Amino acid sequence: MDSQEQYEALLAKWGYADTTVEDHARRQRRARRIQAVVAFFKSTVKTIKKASARQQQLGQASH
């Protein structure tokens with residue numbers, strides 16, 4: 001019996017479940033969601049900056 005099996009046997013004996021795999025997957029999902037939100041806001045800000053720069057150029061051209 002290796003140390004991982006001993007660890008799992010102790011957890012089971014004490015009534016605890018080993019949730020390290022689930023915790024890791026949960027943290028990865030949360031990190032991916034955060035990355036998606038950050039990317040969305042970055043692209044939104046970039047689009048707004050482009051639009052405002054275009055409006056300034058149009059405003060200068062019409063004067």
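Before I turn to the chain itself, let me fix one term: a residue is called exposed when its relative accessible area is over 50%, and buried when that area is under 20%. What you see above is a predicted model, so please keep that in mind throughout.

With that cut-off in hand, take F40, whose relative accessibility is 52%, so that F40 counts as exposed. M1, which sits in the segment before helix α1, is also exposed, because its relative accessible area is 70%. For the chain as a whole, buried residues make up 2% of the 63 residues, and the area that the chain exposes comes to about 6000 Å², with carbon and sulfur atoms supplying 58% of that area.

Now to the overall form. The chain contains two helices and zero strands. Its radius of gyration is 26 Å, which is well over the 11 Å that the globule rule gives for 63 residues, and therefore the chain is more spread out than a compact globule. If we look along the principal axes, the C-alpha atoms fill a box of roughly 80 × 20 × 5 Å. As for the charges, the chain has 12 positive and 6 negative ones, and the mean positions of these two groups are 26 Å apart.

Let us follow the start of the chain a little further. Helix α1 covers residues 3-14, and at 1.5 Å a residue its twelve residues should span 16 Å, which agrees with the 16 Å between its end C-alpha atoms. Just after α1 comes G15, which has a positive phi, near 90°. M1 and Q28, which are separated by 27 residues in sequence, lie 30 Å apart in space when we go from C-alpha to C-alpha.

Finally, how many aromatic pairs does the structure hold? There is one, and it is formed by F40 and F41, whose ring centres are 5.4 Å apart and whose planes stand at 70°, so the pair is edge-to-face. For that last step, the cut-off is that planes over 60 degrees apart count as edge-to-face.

Definitions and conventions:
Residues numbered from 1 in each chain as written. Predicted model: local features only at pLDDT ≥ 70, side-chain atom pairs only at ≥ 80, totals over all residues. Heavy atoms only, no water. Helix = DSSP H or I, 4+ residues; strand = E, 2+ residues; numbered from the N terminus. Rg over C-alpha atoms; globule rule 2.2 N^0.38 Å. Buried < 20%, exposed > 50% of the residue type's maximum accessible area, 1.4 Å probe, protein only. Areas by Shrake-Rupley, 256 points an atom, 1.4 Å probe, with all protein chains shown as cover. Lys, Arg positive; Asp, Glu negative; His and termini not counted. Charge placed at Lys NZ, Arg CZ, Asp CG, Glu CD. Phe/Tyr/Trp six-rings, centres within 6.5 Å; stacked < 30°, edge-to-face > 60°. Expected span 1.5 Å × (residues − 1).
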